Amino acid sequence: MPQTLSIMVVLLVAGTAAASAPQIELQPSYSQVDSLKRRYLDCEVAAQSGSLDGAGIAACSVIYEDLKRVAFDGSFHDLRAWYDGLRAFGLAGHLPVRQAN
C-alpha cells in the first residue's frame, strides 16, 4: 500500500505540474517550411520528368502531406494556389507553365 500511495502522489504532482506549465504553441520554423517547399518542388520536377520510382513516389507523398499540414494548415487549395503562383511567374524550377485552355 505505501508504494501505491507514493505512485499516486507522484502522478498527482506530475499532473499538477503539467497542468500549470505554460502552454507553448509550436510553430514550424521558417527553415522547416522553406525546406519542405524546396523538396516538394524537387518532387514536382522529378514527377514531371518521369524519374520517380516507387520509393520516390512514396517519399514525395510524405513531403506533400507534411508541406500541406505545416505550411498550409492542411489546405490543398492553399498549397495549389502557392504552387500555381510560382509556376505563373516561372519560379518553380524547370516546371512548364500551364497554358490556359
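**Group meeting talk: C43, helix α3 and the core**

Let's start with one residue. C43 lies in helix α2. Keep in mind that this is a predicted model.

Is C43 buried or exposed? Its relative accessible area is 10%. Buried means under 20%, so C43 counts as buried.

What does C43 touch, leaving out residues up to four places away in sequence? The answer is L52, C60 and I63. Take C60 from that list. C43 and C60 are 17 residues apart in sequence. In space, their C-alpha atoms are 5.8 Å apart.

Now step back to the whole chain. The protein chain has four helices and zero strands. Along the sequence, the pattern reads α-α-α-α. The chain has 101 residues, and 23% of them count as buried. Now look at contacts with a separation of 6 or more. Residues 24 or more positions apart account for 55% of those.

Next, the largest nonpolar core. This core has 15 residues. The members that touch the most others are Y40, L41, L67, F72, L79, W82 and Y83. Which helices each supply at least two residues of this core? They are α2, residues 30-49, α3, residues 54-72, and α4, residues 76-88. The largest share comes from α3, with six residues.

So let's turn to α3. How well does its length fit expectation? At 1.5 Å a residue, its 19 residues should span 27 Å. The end C-alpha atoms of α3 are 26 Å apart, which agrees.

Look at both ends of α3. D53 caps the N-terminal end. A side-chain oxygen of D53 lies 3.3 Å from the backbone nitrogen of A55. After α3 comes D73. The phi of D73 is positive, near 50°.

Which residues of α3 are buried? Here is the list: G56, C60, I63, Y64, L67, K68, V70 and F72. Note that C60 and I63, two contacts of C43, are both on it. What covers these buried residues includes α2 and α4.

Last, the pairing of α3 with α4. Their axes come within 9 Å and cross at roughly 95°. The two helices are therefore roughly perpendicular to each other. Which residues meet there? From α3, we have Y64, L67, K68 and F72. From α4, we have F76, D78, L79 and W82. Several names return here: L67, F72, L79 and W82 are among the core members that touch the most others.

To close, go back to C43. This residue is buried, lies in α2, and touches C60, a buried residue of α3.

Key. Residues numbered from 1 in each chain as written. Predicted model: local features only at pLDDT ≥ 70, side-chain atom pairs only at ≥ 80, totals over all residues. Heavy atoms only, no water. Core = buried A, V, L, I, M, F, W, Y, C linked by side-chain atoms within 4.5 Å. Buried < 20%, exposed > 50% of the residue type's maximum accessible area, 1.4 Å probe, protein only. Expected span 1.5 Å × (residues − 1). Contact = heavy atoms within 4.5 Å. Polar contact = N/O pair within 3.5 Å; in protein donor to acceptor, adjacent residues only side chain to side chain. Axes fitted to C-alpha atoms, helices over the stretch in contact; angles between N-to-C directions. Parallel < 35°, antiparallel > 145°, perpendicular 65-115°, else oblique.
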